[in-house]
Amino acid sequence: MWLTFLHMFRKRVTIQYPEEKAKLPPRWRGRIVLTRDPDMGERCVGCYLCAAACPVDCISLQATEDENGRRYPEFFRINFSRCIFCGFCEEACPTYAIQLIPDFEMAEYNRQNLVYEKKDLLIDSQGKYPGYNYYKVAGLAIGGKDKGQAENEDVPVDIRSLVP
Amino acid sequence: MATIVIDGKTYEIPTGKNLLETCLTLGFDLPYFCWHPALGSVGACRQCAVKVYKDENDTRGRLVMSCMEAVTPNQRISISDPEAKAFREQVIEWLMTNHPHDCAVCDEGGSCHLQDMTVMTGHDYRRFRFKKRTHRNQYLGPFINHEMNRCIQCYRCVRFYKDYAGGKDLDVYASKSNVYFGREEDGILESEFSGNLAEVCPTGVFTDKTLKEHYTRKWDLTMSPSVCQHCSIGCNTVAGERYGTLRMIANRFHGQVNGYFLCDRGRFGYEFVNADKRIRQAWTGESVVSPEQLLNHMAPAWNQSKKVIGIGSPRASLQSNFALKALVGADNFYHGVSDNEHDLADLAIRIFREGSVRTPSTREVEKADAVFILGEDITNTAPILALAVRQAVRHEPGKAADAVHIPGWHDAARREMAQQSKGPLFVTSVHTTKLDELARDVYRAAPDDIARLGFAVAHRLDPQVPDATDLPEAVAQLADRIAQALLAAERPVIISGACCESGCVMKAAANVAWALQKKKQQTGLVLTMLECNSLGLAMMGGHRLHAAFNAVMNGHADTVIVMENDLYRHGKADEVDAFLSKCQRVIVLDHLLHKTVSKASVIIPAGTFAESDGTLVNNEGRAQRFFQAYEPTDIIRESWRWLLTLGHRIGNSRMAPWQNFEDVTLAMDREEPLLRGVAGVTPPSAFRIAGQRIARETHRYSGRTSQQANINVSEPKPPEDPDSPLSYTMEGFHGQPPSSLIPYFWAPGWNSVQSVNKYQAEVGGSLRDDDPGVRLLEPRTEGTLPYFVGVPERFRPLDDHLWIVSLHHIFGSEELSAHAPSVAQRVPQPYILLHPSDAAALGVETGHPLVFTIESQSYRLPVKLSDVLPVGIAGMPYGIDGVPYADLPEWAIVPRGNQRQNLNDLSYAKRHA
Ligand code: SF4
Ligand code: SF4
Ligand code: SF4
Ligand code: SF4
Ligand code: FES
């Protein structure tokens with residue numbers, strides 16, 4: 001009884017949601033987004049790793065390529081009515097494209113509205129991992145980055161050279 | 001058998017193998033790159049190191065490359081020795097110093113042998129701090145993508161392409177760590193087997209370009225065991241689907257038929273399944289109808305017709321042909337092939353059933369030590385057979401290597417020893433073939449002259465065979481040489497077939513084989529056929545196409561069902577026109593739009609092989625089953641299922657008890673004497689392993705709660721398969737099913753196609769529980785056919801005439817594959833091939849149009865010249881768009897005077913110059 005009485009003078013932990021928003025840490029696993037690289041190019045390269053990692057199989061996509069060989073998803077769909085926000089997709093992603101962000105306000109009356117397409121997922125930001133650009137480390141040549149121009153790469157070999 | 005000790009445990013093993021094969025056979029995971037079960041060992045990659053100990057007292061041992069070390073009895077080795085392990089990890093680390101950071105955008109990823117081996121050795125962190133060497137890529141044509149940065153210099157590609165498949169235009173350039181695998185310059189890879197690079201290369205340097213167009217990881221495909229539909233060999237394939245379209249065809253190892261390889265027609269021809277020309281709706285007259293409306297329309301029409309006849313197809317499954325035969329009645333069932341083709345298929349069956357010689361499988365051809373080819377250009381008509389012949393010519397030179405105990409797997413040493421020498425191969429054909437370069441003798445002549453040579457050879461083997469009289473001296477000597485070489489061999493093989501469209505050539509080939517059989521027990525005779533189920537159709541019995549034409553023209557019948565067949569490919573245009581316009585109703589069941597479909601009054605959308613279950617009989621008489629890769633969406637169904645539904649609706653009593661695939665197959669097995677045994681090709685559809693179906697999808701399959709969520713967020717129930725023991729989901733059995741039901745190859749730690757090792761009883765040998773398929777044709781031991789008589793006359797050119805023969809092209813001559821966009825890029829333009837002296841006599845040159853008629857069908861084709869073609873003969877490409885059908889070989893009338901006048905039509909000449 002005494003204890004209960006004392007609690008009356010403690011700082012309140014309950015916040016008046018939704019008028020007042022909770023402060024969530026940046027690594028909080030909420031709504032999933034697709035981010036962009038520092039050059040504002042789409043980060044996702046359509047590698048299917050997130051889809052394979054997803055324990056409830058709620059990610060599906062189709063990879064395609066632009067005329068210069070850069071891969072990106074033709075469509076990218078997450079069925080949030082199935083997603084369990086485990087973050088495995090984020091962990092599997094080799095490009096930091098897919099990220100879980102501190103936003104959980106996704107409730108819908110109609111379950112169909114929980115199916116997010118690429119236009120709903122892609123944001124104009126690098127998200128939690130600024131600075132990383134997959135195509136700068138990958139060996140694949142794309143528009144604006146030729147062979148030998150990635151980080152830590154030598155210029156392409158001249159195969160007709162006889163110099164040892 | 002011998003015993004060896006691996007890591008302290010004793011194993012019983014067969015001798016004659018190398019340590020790597022032995023360890024893999026025993027189930028150990030030992031990494032390797034350059035060794036390939038079909039290519040043998042060269043010891044280039046240093047990845048397969050193990051420790052070998054002198055005896056039980058030796059504790060230090062020495063590192064050896066297991067692929068270069070023969071097993072010896074009582075050998076003691078260690079795979080898990082720390083030094084051996086460290087060595088293997090080190091080798092991968094070196095290989096990876098230049099590897100790009102590409103897995104995410106690499107098509108090999110998820111089925112990459114390099115990934116698997118890297119994980120297997122435990123290398124996980126790149127310590128190398130210097131720059132990576134890079135390479136520029138090349139354009140290699142519509143089939144293969146090139147990404148040279150990913151190369152680990154294992155040399156498998158050139159060893160396959162050049163040494164194994166005889167390609168000329170892929171090689172290795174530059175030196176040390178800069179070595180480059182590619183062509184001299186950008187350009188289309190010329191080999192018919194280039195697609196295998198995608199599977200042979202353990203990395204993502206060479207990948208399937210058609211898959212890239214709609215890229216899907218291996219783990220995301222719904223895969224089924226399938227059979228190639230593009231020639232009579234019937235290679236086993238894996239068909240992979242995603243999002244309702246067929247994404248890829250890969251090799252499905254078969255120890256007897258195709259081994260580890262496919263040809264490019266088979267690998268890349270699949271895209272006709274996704275073509276825009278697919279028929280996806282049912283039509284009656286001008287309107288699209290639902291299945292119900294269709295049946296409502298058809299049933300009364302059926303009863304009103306005087307008589308309904310059915311025309312089957314050599315490219316449709318046995319079940320579909322059988323269902324059609326049951327629907328219209330045996331008397332009204334016609335083969336949809338030209339009369340010549342019909343006769344040739346019948347002849348082949350007679351030769352195999354009533355003759356004394358067995359037809360060997362492709363693998364057995366590989367082991368032949370003398371080969372005599374009569375009239376066939378097998379590189380273009382049965383490509384995998386040509387690949388087998390390329391291996392066969394290595395046997396005789398290999399005998400020297402055997403004598404000094406160089407084992408069969410020691411590839412580099414054996415090739416070094418053999419140098420350029422080749423075993424006996426004799427090629428006779430109308431025009432050049434790619435195998436000519438390997439042949440001891442090449443004879444180019446008219447089909448009749450080839451048959452005469454065959455008779456002459458057979459006569460030399462057994463004087464009972466009638467001889468060809470007054471052969472030119474050179475040809476008689478050639479016959480002597482061939483006969484001698486065949487007699488000197490242990491396992492001679494004679495190859496001929498229906499593609500040169502000459503019965504006497506096939507008869508001559510049979511005579512040679514039969515005569516030889518009397519002296520050489522192990523003689524084989526291979527006859528190639530024109531289409532994937534030509535033999536199966538012929539074994540079912542049925543009337544000729546002309547009889548169908550007559551039945552309608554004479555008013556006995558007024559309705560025709562044409563199933564999976566473009567009659568314009570098998571009959572002369574004017575005859576087919578007349579036939580189709582005389583019919584009251586033309587009902588066409590097919591999957592691609594073609595000229596016959598355009599004349600139909602009812603069009604029924606049939607499933608392609610990817611959407612169907614069925615059985616085909618290949619040229620070896622082997623019945624093989626293919627499984628539906630995916631349930632088609634619209635109203636597309638297997639032809640046999642449509643016919644069954646129709647049969648039920650019109651009250652066909654014979655079909656009434658048949659409900660599914662198995663019922664049809666069992667009925668066929670019962671009722672068709674030549675097809676007895678087809679029901680045993682695969683386990684029944686009720687077959688289960690531990691109560692489970694076999695999963696078509698891998699356990700890593702992704703996206704199943706999302707891929708259709710855009711349509712409806714509640715997932716639909718996955719389709720059920722009433723026709724097979726396979727499931728359409730990832731639930732089910734993922735282990736090793738019976739060999740005929742393997743949907744894909746995968747084993748823990750082995751994601752790439754190399755996992756096939758784990759499915760073989762002995763690495764490189766047959767699949768566990770034997771290779772799939774049932775051979776239906778076996779030779780007789782007594783009461784066999786007598787020798788064929790009737791040696792043809794010598795071919796004599798005729799004035800104002802040309803004897804037209806078909807020339808086959810791997811890309812273009814087969815109907816379905818030609819609709820695949822990648823293959824379509826390789827199809828030749830129409831042409832007529834002439835000898836320069838004929839061209840000079842006619843006053844035409846290269847590119848000029850030649851006008852001629854074959855049995856009232858007139859042609860106008862640009863001229864190509866070849867001085868190896870016999871004079872008086874002209875070659876016309878078979879089955880290519882723009883070259884109307886003629887029942888070849890046939891005389892063409894070439895009015896000499898006319899040709900000048902054609903030349904005046906300059907615009908034409910320019911177009912084709
Ligand atoms: S893992 Fe990342 S890059 Fe790969 S498909 Fe998913 S979001 Fe795209
Ligand atoms: S070859 Fe294999 S290891 Fe190399 S990038 Fe491709 S998937 Fe990755
Ligand atoms: S291209 Fe492929 S097969 Fe050829 S050497 Fe390189 S890794 Fe080996
Ligand atoms: S076309 Fe013939 S040889 Fe080529 S893969 Fe198909 S069945 Fe085999
Ligand atoms: S596999 Fe043995 S050295 Fe390459």
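Student: Which residues of β22(B) lie on the two faces, and are they buried or exposed?
Tutor: Gly524(B), Val526(B) and Thr528(B) take one side of β22(B), and Leu525(B) and Leu527(B) the other. In a regular strand, side chains alternate between the two faces of the sheet. Five of the five residues in strand β22 (residues 524-528) of chain B are covered. On both faces, the residues are buried (under 20% relative accessible area; 1.4 Å probe, protein chains only; exposed is over 50%, partly exposed in between).

Student: What kind of model is this?
Tutor: Residues count from 1 along each chain as written, chains are lettered from A and ligands numbered from 1 in written order, and side-chain values use heavy atoms, without hydrogens and water. Local features need pLDDT of at least 70 and side-chain atom pairs 80 or more, while totals for chains, interfaces and linings use all residues of this predicted model.

Student: Which residue of β22(B) stands opposite Ile495(B)?
Tutor: Strand β21 (residues 492-497) of chain B runs parallel to β22(B), joined by five bridges (strands pair at two or more DSSP bridges). The residue opposite Ile495(B) is Val526(B).

Student: How many residues of helix α9 (residues 318-328) of chain B are buried?
Tutor: Helices (H or I, at least four residues) and strands (E, at least two) are DSSP runs, numbered from the N terminus. The buried residues of α9(B) include Leu318(B), Phe322(B) and Leu324(B), as well as Gln319(B), Asn321(B) and Lys325(B). The helix is mostly covered, and its buried residues number eleven of eleven.

Student: Which residue just after α9(B) takes a positive phi?
Tutor: Helix α9(B) spans residues 318-328. Just after the helix, phi turns positive, at about 95°, in Gly329(B).

Student: Which elements give two or more residues to the shell around ligand 4?
Tutor: The shell (a heavy atom within 4 Å) includes Cys228(B), Cys231(B), Cys235(B) and Cys263(B). Arg265(B), Gly266(B), Pro383(B) and Ile384(B) also surround ligand 4. The elements are α7 (264-268) and α13 (383-392) of chain B.

Student: How do the residues around ligand 2 divide by class?
Tutor: Among the residues around ligand 2 are Cys103(B), Cys106(B) and Cys112(B), with Asp102(B) and Glu108(B). Asp, Glu, Lys and Arg count as charged; Ala, Val, Leu, Ile, Met, Phe, Trp, Tyr, Cys and Pro as nonpolar; the others, Gly among them, as polar. The shell has four nonpolar, five polar and two charged.

Student: Which of the 13 residues around ligand 3 come nearest?
Tutor: By class, this shell has ten nonpolar, two polar and one charged residues. Those that come nearest to ligand 3 are Cys151(B), Cys154(B), Tyr155(B), Cys157(B) and Cys201(B).
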